Amino acid sequence: MEKEIVARLEAAVARLEALAAAGSLAAPAGLPDAALAVDPAVVAFDALVERSLGRLSAAADKIGGKVQEATKILSEAFAVLKELLVKAKQCQKPDLAGLQEFLKPLNKVILKASALTEGRRSEFFNHLKTVADSLTALAWVAYSGKDCGMNMPTSHVEECWQMAEFYNNKILVEYRNKDVNHVEWAKALKELYLPSLRDYVKSFYPLGLTWASAGSAVVCSSASAPSVAKDPPSQAPVPPPPPSASLFTPEAASSRPKEGISAVFQEIGSGKSVTAGLRKVTDDMKTKNRADRSGVVAVTEKGSRANSFSFRKEGPPKLELQMGRKWAVENQIGKKKLVIDDCDSKQTVYAYGCKDSVLQVKGKVNNITVDKCTKMGIVFMDVVAACEIVNCNGVEVQCQGSAPTISVDNTSGCQLYLSKDSLGASITTAKSSEINVMVPGAGPESDWVEHALPQQFVHTYKNSQFTTSAVSHSGG
């Protein structure tokens, strides 16, 4: 990488010398100073984009569809990041309001990527989620010091990728024996962040952005892109407009009516009689003297309270094969005999919004996803890729055949029953609690053995890095 940077620097210097000899030296378009064109940080960023992002885009073009669209948004985010790196070298370090205005273009692209993951899950949800989560790593440019509430830029990039890697690993597992283009895309995306972006930030911006000591100031504007205030050549700098009195002046703040708890404290501190207007409680009004009150809670009261939290349907119940590829099981309530028996290894099963039901899948399918289900039971034979439990509460999943991967995400209460053929399954959990795995006993007549997966971890700092280990309890 260093040789490539040196070569690009030498080529840029040669071009500048040729322009200077011809008497037509001019600043590159979009840059206030020609020196920025040969800045080592800018040149190294171009090399990073050309190498790592080019590999990722090539794989996305072969896949097409939503993956290609998400990859283009990612490329747009890196282009905006370069613009911010260049603009930072022209501007003085802004205050908090100026920094928010400076980061608006990057935030806009990140929100665009997050919008792709909203709504019902698509076939390439893991790809879209990986891109959306990984783009938060670019927010390292917001680091302004140890008191800003962020980790150091290099650590921020590493931790954001670890969050995105959960979904990136799902892509590798799902397509490792199906499509090399998806595997190449997932590997190229990881290489873009680790080590490429991490090493770049560590080399050039270990303490955050470098601002110009005597540059222009970032000013807030209605435009989405940050603007740089340039002084007119023959006039004094124009001061920024004063802030709106309705937002910042103490007089305006005190004149606005307060709401919520602030209104309560304002009333208490106003000096008025707090108890004014309250009725006097007589002896016959006290609970202990009322004959119609007792310490026993009526059954009808308890029942009405429980019914207020009843499960609500979000749509008509479904159990159908869509487009010959996807079994949709939706909004099934209290159905204990749901069966899918006409399936093959190229089809997927997606259970959504079901409650107090049992689904049996007879045969081998590619993937099973259980999403937003409550008190749901799933019994299946074999899956080719993975069985995923997402956003559920109190589910039981039994594998009677084999499953290479089982993932549990944002779920409370999950009971997994594994057969002897599925004991080698990789179980991944995230943001979940009360996960228990039941495995067969040693003998054919032995009882099932229950294992609780840890949900509490200890993080210790040793040898310049954090080590994470699960908390174990003993009754000794």
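Buried residues account for 36% of the 476 residues in the protein chain of this predicted model. The fold is a mix of helix and strand, with 12 helices and 16 strands along the chain. As for how far contacts reach, take the pairs that sit at least 6 apart in sequence: 38% of these contacts join residues at least 24 apart.

Most of the story here turns on the nonpolar cores. The largest nonpolar core holds 56 residues, and the members that touch the most other members are Leu74, Phe78, Trp140, Trp185, Tyr193 and Tyr200. Quite a few helices chip in: H2 (40-63), H3 (65-88), H4 (96-102), H5 (104-115), H6, H7 and H8 (180-204) each supply at least two residues of this core. H3 gives the most, with 11 residues. Apart from this core lies another one, made of 33 residues, including Leu338, Val395, Val397 and Val408. In general terms, nonpolar side chains in soluble globular proteins tend to be buried together.

Back in the largest core, what does tryptophan 185 touch once its neighbours within four places in sequence are set aside? Its contacts are Leu56, Ala59, Ala60, Ile63, Val67, Thr71, His127, Val131, Asn168 and Ile171. Of these, His127 and Val131 are buried residues of H6, while Asn168 and Ile171 are among the H7 residues that meet H6.

H6 itself deserves a closer look. Nine of its 10 residues are buried, so H6 is largely enclosed by the rest of the structure. The buried set is Phe125, Asn126, His127, Leu128, Thr130, Val131, Ala132, Asp133 and Ser134. These residues pack against H3, H5, H7 and H8, and also against strand E8 (374-390).

One of those partners is H7. The axes of H6 (residues 125-134) and H7 (residues 153-175) come within 8 Å and cross at roughly 160 degrees; the two helices are therefore roughly antiparallel to each other. The crossing of H6 past H7 is left-handed. On the H6 side, the contact uses Phe125, Asn126, His127, Lys129, Thr130, Asp133 and Ser134, and H7 answers with Cys160, Trp161, Met163, Ala164, Tyr167, Asn168, Lys170, Ile171, Glu174 and Tyr175. Sorted by class, the residues of this contact come out as eight nonpolar, five polar and four charged.

H3 and H5 make another helix pair. Their axes come within 9 Å and cross at roughly 170 degrees, and H3 and H5 are therefore roughly antiparallel to each other. Ile73, Glu76, Ala77, Val80 and Leu84 of H3 meet Pro105, Leu106, Val109, Lys112 and Ala113 of H5. The class tally for H3 with H5 is eight nonpolar, no polar and two charged residues.

Two single residues round out the picture on the strand side. Threonine 405 lies in strand E10 (residues 405-409). Is threonine 405 buried or exposed? With a relative accessible area of 12%, threonine 405 is buried. Not counting residues up to four places away in sequence, threonine 405 touches Val173, Ala385, Ala386, Cys387 and Ser426. Among these contacts, Val173 falls within H7 (residues 153-175).

Lysine 337, for its part, sits in the loop between strand E4 (326-330) and strand E5 (338-340). Its relative accessibility is 78%, so lysine 337 counts as exposed. Lysine 337 and serine 357 are 20 residues apart in sequence, yet their C-alpha atoms are 7.7 Å apart in space.

Note on methods. Residues numbered from 1 in each chain as written. Predicted model: local features only at pLDDT ≥ 70, side-chain atom pairs only at ≥ 80, totals over all residues. Heavy atoms only, no water. Axes fitted to C-alpha atoms, helices over the stretch in contact; angles between N-to-C directions. Helix = DSSP H or I, 4+ residues; strand = E, 2+ residues; numbered from the N terminus. Parallel < 35°, antiparallel > 145°, perpendicular 65-115°, else oblique. Left-handed = near helix turned anticlockwise from the far one by under 90°. Contact = heavy atoms within 4.5 Å. Nonpolar A, V, L, I, M, F, W, Y, C, P; charged D, E, K, R; others polar. Core = buried A, V, L, I, M, F, W, Y, C linked by side-chain atoms within 4.5 Å. Buried < 20%, exposed > 50% of the residue type's maximum accessible area, 1.4 Å probe, protein only.
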